[in-house]
Amino acid sequence: RASCPVVALQAFFKVCKAPPGSSLFHFKTGRPLTSRAMKAILQALLLRGGYDTSKYNTHSLRIGTATAAAAQSGLPSSTIQRLGRWSSTAYTTYTRHPLTLPS
């Protein structure tokens with residue numbers, strides 16, 4: 001199924017020819033993507049999209065995940081905590097309500 005995350009990841013790893021055991025985000029060599037590289041990629045994409053890069057950073061992805069997960073009615077707190085690897089309810093400080101999209 002196209003909507004199955006496991007099938008999608010298997011297809012992704014097949015297409016990108018990832019070595020066994022590689023990280024989800026990695027360089028062509030299979031070496032894990034560093035936080036510095038991730039920040040550079042995010043900034044480049046934001047610039048290409050015409051966004052103000054001073055308003056976003058890689059932490060924005062963590063905020064977005066927590067907010068999107070919290071917006072799904074019925075999603076248990078424990079699931080949101082697992083998504084962000086939070087061991088406490090700290091994720092609640094990351095959620096933004098009401099949900100708003102950047103203009």
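## A tour of the four helices and the largest pocket

Begin with the whole chain in a cartoon view: the protein has four helices and zero strands, and what you have open is a predicted model. Following the chain from the N terminus on, you will pass its elements in the order α-α-α-α. If you then colour the 103 residues of the protein by accessibility, the buried ones make up 18% of them.

Next, select residues 5-15, which form helix α1, and pick out leucine 9 within this helix. Is leucine 9 buried, partly exposed or exposed? Its relative accessibility is 39%, and because partly exposed covers the range between under 20% (buried) and over 50% (exposed), leucine 9 counts as partly exposed.

Keep Leu9 selected and add Phe12, Leu24 and Phe25, since these residues together form a nonpolar patch on the surface, with about 360 Å² of accessible area together.

Phe25 also leads to the next stop, the largest pocket, where Phe25, Thr58, Leu61, Arg62 and Arg85 are the residues of the lining that lie nearest the centre. The lining consists of 14 residues, and the space in this pocket comes to about 470 Å³.

To see which helices contribute, select α2 (35-49), α3 (59-71) and α4 (77-84), each of which supplies at least two residues of the lining of the largest pocket. Which of the helices gives the most to this lining? That is α3, with four residues.

Finally, colour the lining of the largest pocket by residue class, and you will find six nonpolar, six polar and two charged residues.

Note on methods:
Residues numbered from 1 in each chain as written. Predicted model: local features only at pLDDT ≥ 70, side-chain atom pairs only at ≥ 80, totals over all residues. Heavy atoms only, no water. 1 Å grid on protein atoms, 1.4 Å probe; cavity = no way out; pocket = protein on both sides within 12 Å on 5 of 7 lines; lining within 4 Å. Points joined across faces, edges and corners; volume = space filled by probe spheres on them. Nonpolar A, V, L, I, M, F, W, Y, C, P; charged D, E, K, R; others polar. Patch = residues over 30% accessible without salt bridge, like charges linked within 9 Å, V, L, I, M, F, W, Y side chains within 5 Å. Areas by Shrake-Rupley, 256 points an atom, 1.4 Å probe, with all protein chains shown as cover. Salt bridge = Lys/Arg side-chain N within 4 Å of Asp/Glu carboxyl O. Buried < 20%, exposed > 50% of the residue type's maximum accessible area, 1.4 Å probe, protein only.
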